[in-house]
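Dear colleague,

I am passing on the structure we spoke about, with some notes to read beside it. Please have a look at it first, and then go through what follows.

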Amino acid sequence: MGRDKATLEIAGLPLAETIASRILAVGVPLTVLGPEAIPGCTLQQDATPHEGPLVALSRFRPRAEFVFVCSCDLPLLDARIIEVLSDLIEERDAAIPLSQGRLQPLCALYRAQALAGLPEWLRQGSRRVMEWIECLHYIRVPEEVLESRGLSRYCVRSANTPEELELLLSPKAARLEPEA
């Protein structure tokens with residue numbers, strides 16, 4: 001993106017605040033893992049910036065059985081996804097949506113016990129999110145399932161470039177053809 005995605009303005013608010021307000025609006029308490037506080041949220045400040053999401057998650061101590069993990073680059077996040085993922089997780093470690101055929105582990109629901117094993121897993125040397133995911137028992141949640149529950153398939157799509165952000169925020173996003 002070329003700059004901190006959390007600070008990109010969407011409708012006059014930084015993207016991270018927009019996402020947080022959507023999650024808070026459905027009554028889910030929120031802890032921000034990062035450098036900056038967001039109104040209404042608890043802050044767990046990064047011990048060392050730029051270590052990546054797994055290191056930040058490994059330091060997080062959940063106070064609930066389930067944890068919704070969400071990155072700050074989801075401009076169309078619909079917080080109702082938390083309920084959808086909660087309905088699907090069952091006895092698994094995680095419920096992870098797909099976007100364009102790819103898992104979205106930074107917009108997923110995890111059991112607290114899955115996160116509890118992260119410090120040990122990181123001590124073994126890897127910091128790659130997908131390698132950790134492959135160690136978990138999870139369900140893939142296809143875009144069609146999201147749509148069948150009244151959500152847009154784009155609500156879990158991240159914006160990694162200015163062009164992706166512009167496309168997701170444009171009126172064209174509602175008319176984009178589903179991908180194969």
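A residue is called buried here if its relative accessible area is under 20%, and exposed if that area is over 50%. Please keep in mind that this is a predicted model.

With that cut-off in hand, I would begin at strand 8 (residues 107-111), which is mostly covered, five of its five residues being buried. In a regular strand, side chains alternate between the two faces of the sheet. In strand 8, C107, L109 and R111 point one way while A108 and Y110 point the other way, and all of these are buried.

Which strands pair with strand 8? Strand 5 (residues 66-70) runs antiparallel to strand 8 and is joined to it by five bridges, and within this pairing F66 has R111 as its bridge partner. Strand 6 (residues 94-99) also pairs with strand 8 in the antiparallel sense, over two bridges, with A95 partnered by L109.

The other finding concerns the largest pocket, whose volume is about 1600 Å³. This pocket is lined by 49 residues, of which V32, L33, G34, C70 and S71 are the closest to its centre. The elements that contribute two or more residues to the lining are helix 1 (15-25), strand 3 (31-34), helix 2 (53-59) and strand 5, the last of these being the strand that five bridges join to strand 8. Sorted by class, the lining of the largest pocket holds 31 nonpolar, nine polar and nine charged residues.

With best wishes

Notes: Residues numbered from 1 in each chain as written. Predicted model: local features only at pLDDT ≥ 70, side-chain atom pairs only at ≥ 80, totals over all residues. Heavy atoms only, no water. Buried < 20%, exposed > 50% of the residue type's maximum accessible area, 1.4 Å probe, protein only. Helix = DSSP H or I, 4+ residues; strand = E, 2+ residues; numbered from the N terminus. Pairing = 2+ DSSP bridges. 1 Å grid on protein atoms, 1.4 Å probe; cavity = no way out; pocket = protein on both sides within 12 Å on 5 of 7 lines; lining within 4 Å. Points joined across faces, edges and corners; volume = space filled by probe spheres on them. Nonpolar A, V, L, I, M, F, W, Y, C, P; charged D, E, K, R; others polar.
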